[in-house]
Amino acid sequence: MKKLLAKLQTGSSVIVFDDAEAAGIKNLYKEPNIKNAIEFDLSHILGEDQWYYVVPVGDQKIKMMDSYLSEDLNGIGLDTINEDSALQVRALYLVSGEEKYFTKITSRLLPKSSKYISIGETPSLVEQKSAITVTGQLDAYWSGSWLYFKKFAYVQTMFPGMNEFYREATERETNLFLSCSLFELKSEMSSDMIGNRNRRMIAAIIDSKSADLEDPDMREKYLDYAKTYNLDLEIED
């Protein structure tokens, strides 16, 4: 049986529909096409039909997924939360066996309170106070062992521990950059001293075909450019 649940800002989950198929959600969520998925690397721009993936194991899996994998909800339903509960919902997720389909809830899915005319046997005025738009749009997909996603900014807030994958992905690039023979680092300097913004810049430099740090002519251009900033550099040969 498929269930639709909501993850609240508090980190706890509540049941929205205990039987999602009976509630009409049956065909809203579809398994994504993941055949072209690539290992998470922020320096790689995804194609339209591509997804990133990470494979959390051990403590990483516990930190990221345990709150979604637990089935112990003690019968708590969304109807037990107050009328403003829509504003507390961080994500909706459909549970189908080991698979889970996630939609991050942002302001675009929270229509403002409004009144509208319902057309039936007789027109009636209906007031909508608190609601969530359900589109079936997937922001993440858990296959049972692999997590697939498109936007790091979304999953970063949905899955505790995603920043560790981000750091691992950029650590390799940062160390590759710092090992370039163009530089001689001070003994106290290490990749731990490089922040996220500079890590993204390093990734862009490594990916750029016009920024070959091993090219002697290119090195001269970099050095001449650096000198214009009067930086505290010691330049030898």
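What follows is a short exchange about a predicted model.

Biologist: How many helices and strands are there in the protein?

Modeller: The model is a predicted one. Buried residues make up 35% of its 237 residues. Among contacts between residues at least 6 apart in sequence, 60% join residues at least 24 apart. The secondary structure comes to five helices and 10 strands.

Biologist: In what order do the eight strands of the open sheet lie?

Modeller: The pairing in this sheet is mixed. β2 (13-17) and β3 stand at the edges. Each has a single partner strand, so one side of each lacks a neighbour in the sheet. The order is β2-β1-β5-β6-β9-β10-β4-β3.

Biologist: How many bridges join β5 to β6?

Modeller: The two strands run antiparallel, with β6 covering residues 99-104. Leu 92 stands opposite Thr 103, and Val 95 stands opposite Lys 100. The number of bridges joining β5 to β6 is six.

Biologist: Which residue in the hairpin of β5 and β6 takes a positive phi?

Modeller: Two residues lie between the strands of this hairpin. The phi in question is near 65°. The residue that takes it is Gly 97.

Biologist: What is the bridge partner of Lys 100 in β9?

Modeller: β6 also pairs with β9, through three bridges. These two strands run antiparallel. On the β5 side, Lys 100 stands opposite Val 95. In β9, the partner of Lys 100 is Trp 142.

Biologist: How many of the six residues of β6 are buried?

Modeller: Buried here means under 20% relative accessible area. β6 is largely enclosed by the rest of the structure, because most of its residues meet that cut-off. The count is five of the six.

Biologist: Which residues touch the most other members of the largest nonpolar core?

Modeller: This core holds 24 residues. Elements that each supply at least two of them include β5 (89-96), α1 (58-69) and α3 (162-178). A second, separate core has 19 residues, among them Trp 51 and Tyr 148. In the largest core, the residues asked for are Phe 102, Phe 159 and Met 162.

Biologist: Which tryptophan is in contact with Phe 102, leaving aside neighbours within four places in sequence?

Modeller: The contacts of Phe 102 include Met 65, Tyr 68, Leu 92 and Tyr 93. Among the others are Leu 138, Ala 140, Met 158 and Phe 159. The tryptophan is Trp 142.

Biologist: What separates the C-alpha atoms of Leu 46 and Lys 151?

Modeller: Leu 46 is found in the loop between β3 (38-39) and β4. Beyond its neighbours in sequence, its contacts include Ile 38, Trp 51 and Phe 149. Leu 46 and Lys 151 are 105 residues apart along the chain. Their C-alpha atoms are separated by 9.5 Å.

Biologist: How far apart are the end C-alpha atoms of helix α5?

Modeller: α5 has 12 residues, 216-227. At 1.5 Å a residue, it should span 16 Å. The model agrees, with the end atoms apart by 17 Å.

Biologist: Within what arc do the buried residues of α5 fall?

Modeller: The buried residues are Met 218, Arg 219 and Ala 226. Seen down the axis, they line one face of the helix, because they fall within an arc of 105°.

Biologist: Which residue caps the N-terminal end of α5?

Modeller: On the other side of α5 from the buried residues, Pro 216, Asp 217 and Lys 221 are exposed. A side-chain oxygen of the cap lies 2.9 Å from the backbone nitrogen of Asp 217. The capping residue is Asp 215.

Methods:
Residues are numbered from 1 along each chain as its sequence is written. This is a predicted model: local features need pLDDT of at least 70, side-chain atom pairs count only at pLDDT 80 or more; totals for chains, interfaces and linings use all residues. Side-chain values use heavy atoms; hydrogens and water are left out. Helices (H or I, at least four residues) and strands (E, at least two) are DSSP runs, numbered from the N terminus. The expected span of a helix is 1.5 Å times one less than its number of residues. Buried means under 20% relative accessible area, exposed over 50%, partly exposed in between (1.4 Å probe, protein chains only). The arc is that of the directions from the helix axis to the C-beta atoms. A polar contact is a pair of N or O atoms within 3.5 Å; within protein, one must be able to donate a hydrogen and the other to accept it, and residues adjacent in sequence count only if both atoms are side-chain atoms. A nonpolar core is a set of buried Ala, Val, Leu, Ile, Met, Phe, Trp, Tyr and Cys residues joined through side-chain atoms within 4.5 Å. Contact means heavy atoms within 4.5 Å. Two strands pair if DSSP finds at least two bridges between them.
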